[in-house]
Amino acid sequence: CWKIDCFSSDISAGIDKAIADSVNILSISLGSINKTTDYTDHTTTGAFSAMERGIFVSCFAGNSSPSPFSLRNEAPWITTVGAGTIDRDFPALALLSATERTILELPCLKERLFQLSCCRLFTRKRLEGGNDNVEKGEVVKAAGGLGMIIANVPDYGEELRGYAFKLPATTVGRKASDIICHYVMTDPNPTASIVIQGTAVNVQPSPVLAAFSSLGPNSITPNILKPDLIAPGVNILAAWTGAVGPSGLASDTRRVEFNIISGTSMSCPHVSGLAALLKSVHPKWSPAAIRSALMTTAYNTYSDRQPLLDIATVEPSTPFGHGAGHVSPTTVISPGLIYDLTTQDYIDFLCALNYKSSQITKVSRGSYACDSNKTYSVADLNYLSFAVNVEGSDTYKYTRTVTSVGGAGSYSVKVISETTAVKISVEPPVLTFKEVNEKKSYSDKLHSFNHLCIRTSCSPMPFGDEK
């Protein structure tokens, strides 16, 4: 990648070289700027070639939320990773003039007392907060500002991220920003102070879905539920280049070896690392098997059984945001069952999408073809999660095959639904395995009873209670 962008030819060459080097894992925090309408972009086709050779490929989901259909890297042979928070934070207090007397009694804080103004536009080149937060700080400092309180736009709700500002500054959530702006507009002499509180740990609730993490549904194939899962991607301690300062601004002369970074580009490598761990323990597992273990052991509730929150709305997140849930490093090694897929399964999937031979060749770079005598269905792909557009009174059936990797044992069904308008049943209700690598199939049936259009999704692993 160059300073501004990555050329498709360079991406393809990089993937091909990695394949030639016989890597086990490809971690690709890249995505097309323009939304693709099929699976023929360079990252996706390169990922198919890697998958074909047994290489696990994880990619970032993108940072375009909270817009629906904003995902990148939606192909089923890619593990698509969204971002969640961790339980570490870097809090700072924005103190208004109501506590000014206390502040002025502390000499070390006097220099941080500044005149407060409420401003939505910091630069003319990009309107309504479209420029980066560190750029806003640079403009404020250049104008003689001593400090800055930066308010979230509505889309980012209560999310707070760390930034390498060039002046004392703090971000505040949307609710606080409304209070501060009201104060500024009504007080004749509004002043404020920023108190940096260092590092806080054991922050709760944690994790929560990041406001920037791109959301589904999958715009190319809505039946394939994406993202697959989320992982730590907010305020991550990351290695940093010495070519630029921590803010990334040309004027920043500071140099650091590590930086605090947020984005799905941070969450993707966490999943890649866990995939490498899985590959070392289970060297013969396919990329689909590794993804299956990551997803079926993920969690979507807290220890009190309450659902994971979306920090943008401070409401429960949905499978279109967190996928199967947040990755769980402590349980991923022993998933019990896996949902496996082969190259031919993905070719059949492309056939179900009515791809022409030229399109299949472009995706696979191989001589695959669809059988004109065979009926293909997207629902037949043995993907461990799926989405169904339920409209009117109808019945939908999805069949899945699981492989036992935990030896002999029985798995019973546990179905959880948030709606009574769709009845979900599973047949058979119990799967019993006698040995490792034994395969068995089951079917999910969804029965809708009204004439409303309902978006629903199924748990990725209904056979989760081992007896």
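P217 is found in the loop between β10 and β11. The structure is a predicted model, and in this model the peptide bond from G216 to P217 is cis, with omega near 5°. A second cis bond runs from S206 to P207, where omega is near 0°. P207 is placed in the loop between β10 (200-201) and β11 (229-232). As background, most peptide bonds are trans, and most residues other than glycine have a negative phi. V314 has a positive phi, near 55°, although V314 is a residue other than glycine. The position of V314 is in the loop between β14 (309-310) and β15 (315-316).

**Helix packing and the disulfide**

Helix α2 (residues 42-52) packs with helix α10 (residues 357-364). Their axes are 7 Å apart and make an angle of about 70°. An angle of 65 to 115 degrees counts as roughly perpendicular, and α2 and α10 are therefore roughly perpendicular to each other. On the α2 side, T45, F48, S49 and E52 make the contact, and on the α10 side K362, V363 and S364 do so. By class, this contact of α2 with α10 has two nonpolar, three polar and two charged residues.

Helix α2 also packs with α9, at an angle of about 145° and with the axes 10 Å apart. F48, M51 and E52 of α2 meet T343, Y346 and I347 of α9 in this contact. The residues of the contact of α2 with α9 divide into four nonpolar, one polar and one charged. F48 and E52 are listed in the contact with α10 and also in the contact with α9.

| Helix pair | Angle | Distance between axes |
|---|---|---|
| α2 and α10 | about 70° | 7 Å |
| α2 and α9 | about 145° | 10 Å |

How many disulfides does the count give? The count comes to one disulfide. A disulfide is a covalent bond between the sulfur atoms of two cysteines. Here the pair is C351 and C370, with their sulfur atoms 2.0 Å apart. The link of C351 and C370 is left-handed, with -100° about the S-S bond. C351 lies in helix α9 (residues 343-352) and C370 in the loop between α10 and β17 (387-391), so the pair ties together parts that are 19 residues apart in sequence.

**Cavities**

Rolling a probe the size of a water molecule over the atoms shows where empty space is left. The count comes to two cavities of 30 Å³ or more.

The largest cavity holds about 90 Å³ of space. Its lining consists of 13 residues, and T36, D41, R72, N73 and E74 are those that lie nearest its centre. By class, the lining of the largest cavity has four nonpolar, four polar and five charged residues.

The second largest cavity has a volume of about 30 Å³. Which residues line the second largest cavity? The lining is made up of N223, I224, V378, A379, L381, Y383, S385, F386, Y398 and R400. By class, seven nonpolar, two polar and one charged residues form the lining of the second largest cavity.

Notes. Residues numbered from 1 in each chain as written. Predicted model: local features only at pLDDT ≥ 70, side-chain atom pairs only at ≥ 80, totals over all residues. Heavy atoms only, no water. 1 Å grid on protein atoms, 1.4 Å probe; cavity = no way out; pocket = protein on both sides within 12 Å on 5 of 7 lines; lining within 4 Å. Points joined across faces, edges and corners; volume = space filled by probe spheres on them. Nonpolar A, V, L, I, M, F, W, Y, C, P; charged D, E, K, R; others polar. Axes fitted to C-alpha atoms, helices over the stretch in contact; angles between N-to-C directions. Helix = DSSP H or I, 4+ residues; strand = E, 2+ residues; numbered from the N terminus. Parallel < 35°, antiparallel > 145°, perpendicular 65-115°, else oblique. Contact = heavy atoms within 4.5 Å. Disulfide = S-S within 2.5 Å.
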